[in-house]
Amino acid sequence: MNSTLAGLAALVVTTAMAESATAQMADWIPESRPGGKLLLTGGVSSIEGAGGGGLATWAVTTGYGAGDGIGANVHATWVDLPDYEFRSAGVAIGLWDRVELSAARQEFDTQDTGALLGLGSGFTFTQDVYGLKVRVLGDAVYGQDTWMPQIAVGVQYKTNDQGAVIAAVGGQDDEGVDLYVAATKLFLAESLLVNGTLRWTEANQTGLLGFGGDAEGDPSLQFEGSVGWLVNRNLVIGAEYRTKPDNLSFAEEEDWMDIYAAWAINKNLSVTAAWADLGSIVTFEDQRGLYLSIQAGF
């Protein structure tokens with residue numbers, strides 16, 4: 001009898017402790033609901049999977065989850081260049097407008113140019129990019145009474161599947177880490193969005209040609225700038241510029257730029273089209289072409 005009472009008492013105490021722990025966890029984890037942000041204020045999916053423009057990463061958190069919500073997106077991107085084709089697909093999750101997790105797979109198809117480079121027609125470099133972004137200051141949209149932009153810091157781990165080729169062209173490694181700090185501000189009265197990002201990187205062609213090189217082996221600080229005009233609540237047009245390191249002696253690497261239009265059909269679907277100038281890639285000049293990206297999420 002005594003042992004039974006002791007067992008019941010232990011069960012009551014354990015249950016109470018579990019309920020207390022659950023209540024404590026509920027206090028720590030904000031209520032999570034979808035939606036809440038204005039159209040396009042989460043940006044679109046960049047080529048590396050993070051929320052931003054097409055070429056640049058912004059400080060905003062992907063999706064439409066506000067401070068008490070979550071958001072997520074999947075994307076598919078295609079860039080048609082004169083001598084190459086670039087493809088990217090990925091997913092990003094925004095948590096409470098504070099933290100963003102992203103993953104993207106990039107494919108750089110050399111098409112017929114691969115044969116001219118001695119790699120074989122259709123030779124394709126593949127790279128996986130895993131990202132973490134954290135908002136540390138400000139609010140790009142709702143901080144209209146201050147000049148303080150939204151500021152976020154982030155890290156992207158990149159791994160490439162063509163280590164042998166990368167070594168043959170002078171690259172030092174087939175995996176690397178980018179660190180960045182981004183500042184984004186939306187001026188609602190002027191319908192103007194401005195972003196600047198500083199990226200510490202040693203990635204060649206964002207890592208598609210590896211990391212570091214025989215000409216320059218150390219990481220360097222690069223800049224990504226974006227400006228966009230919100231024509232209406234569904235459409236933004238703008239331009240981006242992204243500087244690049246130049247680590248490989250066999251081929252000059254040039255800065256990237258684009259002119260884009262992003263159309264949010266609704267909060268679940270958006271389309272981005274751009275004219276992109278990616279400069280010289282592996283000795284082939286004037287790689288300019290159409291950029292298309294579709295994004296679905298909440």
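Is Leu40 buried or exposed? In this predicted model, Leu40 counts as buried, because its relative accessibility is 11% and the cut-off for that class is under 20% relative accessible area. Leu40 sits in the loop between helix H1 (2-28) and E1, and its phi is near 70 degrees, a positive value in a residue other than glycine. Most residues other than glycine have a negative phi. Gln111 also has a positive phi, of about 45 degrees, although it is not a glycine. The loop that holds Gln111 runs between E5 and helix H2 (113-116), and Gln111 counts as partly exposed because its relative accessibility is 27%.

From these two loop residues we can turn to the chain as a whole. The chain contains three helices and 14 strands, and of its 298 residues, 49% are buried. When contacts with a separation of 6 or more are considered, 58% of them join residues that are 24 or more positions apart.

The nonpolar interior is a natural next stop. The largest nonpolar core has 37 residues, and Tyr84, Phe108 and Ile281 are the ones that touch the most other members. Strand E12 (256-266) and strand E13 (269-277) each supply at least two residues of this core, and the largest share, four residues, comes from E12. Seen from Phe108, and leaving aside neighbours within four places in sequence, the contacts are with Tyr84, Glu85, Phe86, Phe123, Thr124, Phe125, Leu208 and Ile281. A second, separate core consists of five residues, among them Ala50, Ala152, Tyr180 and Ala182.

Two of the residues just named for the largest core, Tyr84 and Phe108, also appear in the lining of the largest pocket, together with Thr110, Leu117, Leu119, Phe125, Val165, Val169, Leu209, Phe250 and Val282. The volume of this pocket is about 150 Å³. Sorted by class, its lining has ten nonpolar residues, one polar residue and no charged residues.

Charged side chains can be followed through the salt bridges, of which the count comes to 15. One of them joins Lys158 to Glu48, with the closest N and O atoms 2.7 Å apart. This pair links distant parts of the chain, since Lys158 belongs to strand E7 (residues 150-160) whereas Glu48 is in the loop between strand E1 (44-45) and strand E2 (51-52), 110 residues apart. Lys158 counts as buried because its relative accessibility is 0%, and Glu48 counts as buried because its relative accessibility is 0%.

Arg105 and Asp128 form another salt bridge, in which the closest N and O atoms are 2.7 Å apart. Arg105 lies in strand E5 (residues 99-109) and Asp128 in strand E6 (residues 124-137), so this pair ties together parts that are 23 residues apart in sequence. The two partners can be described separately in terms of accessibility: Arg105 is partly exposed, with a relative accessible area of 44%, whereas Asp128 is buried, with a relative accessible area of 14%.

In the salt bridge between Glu224 and Arg199, the closest N and O atoms are 2.4 Å apart. Here Glu224 is in strand E10 (residues 220-232) and Arg199 is in strand E9 (residues 192-201), so that the pair links distant parts of the chain, 25 residues apart. Both Glu224 and Arg199 are buried. A network of salt bridges links Glu48, Lys158, Asp178, Arg199, Glu224 and Arg242, and it includes the partners of the bridge between Lys158 and Glu48 as well as those of the bridge between Glu224 and Arg199.

Two further residues complete the tour. Asn247 is placed in the loop between strand E11 (235-242) and E12, and it counts as buried because its relative accessibility is 2%. Not counting residues up to four places away in sequence, Asn247 touches Glu202, Asn204, Gly212, Gly213, Asp214, Ala215 and Glu216. Phe187, in turn, lies in strand E8 (residues 175-187). Its contacts, leaving aside neighbours within four places in sequence, are Gln144, Trp147, Leu192 and Val194. For one of these partners, Gln144, the C-alpha atom is separated from that of Phe187 by 7.0 Å, while the two residues are 43 residues apart along the chain.

Definitions and conventions:
Residues numbered from 1 in each chain as written. Predicted model: local features only at pLDDT ≥ 70, side-chain atom pairs only at ≥ 80, totals over all residues. Heavy atoms only, no water. Core = buried A, V, L, I, M, F, W, Y, C linked by side-chain atoms within 4.5 Å. Buried < 20%, exposed > 50% of the residue type's maximum accessible area, 1.4 Å probe, protein only. Contact = heavy atoms within 4.5 Å. 1 Å grid on protein atoms, 1.4 Å probe; cavity = no way out; pocket = protein on both sides within 12 Å on 5 of 7 lines; lining within 4 Å. Points joined across faces, edges and corners; volume = space filled by probe spheres on them. Nonpolar A, V, L, I, M, F, W, Y, C, P; charged D, E, K, R; others polar. Salt bridge = Lys/Arg side-chain N within 4 Å of Asp/Glu carboxyl O.
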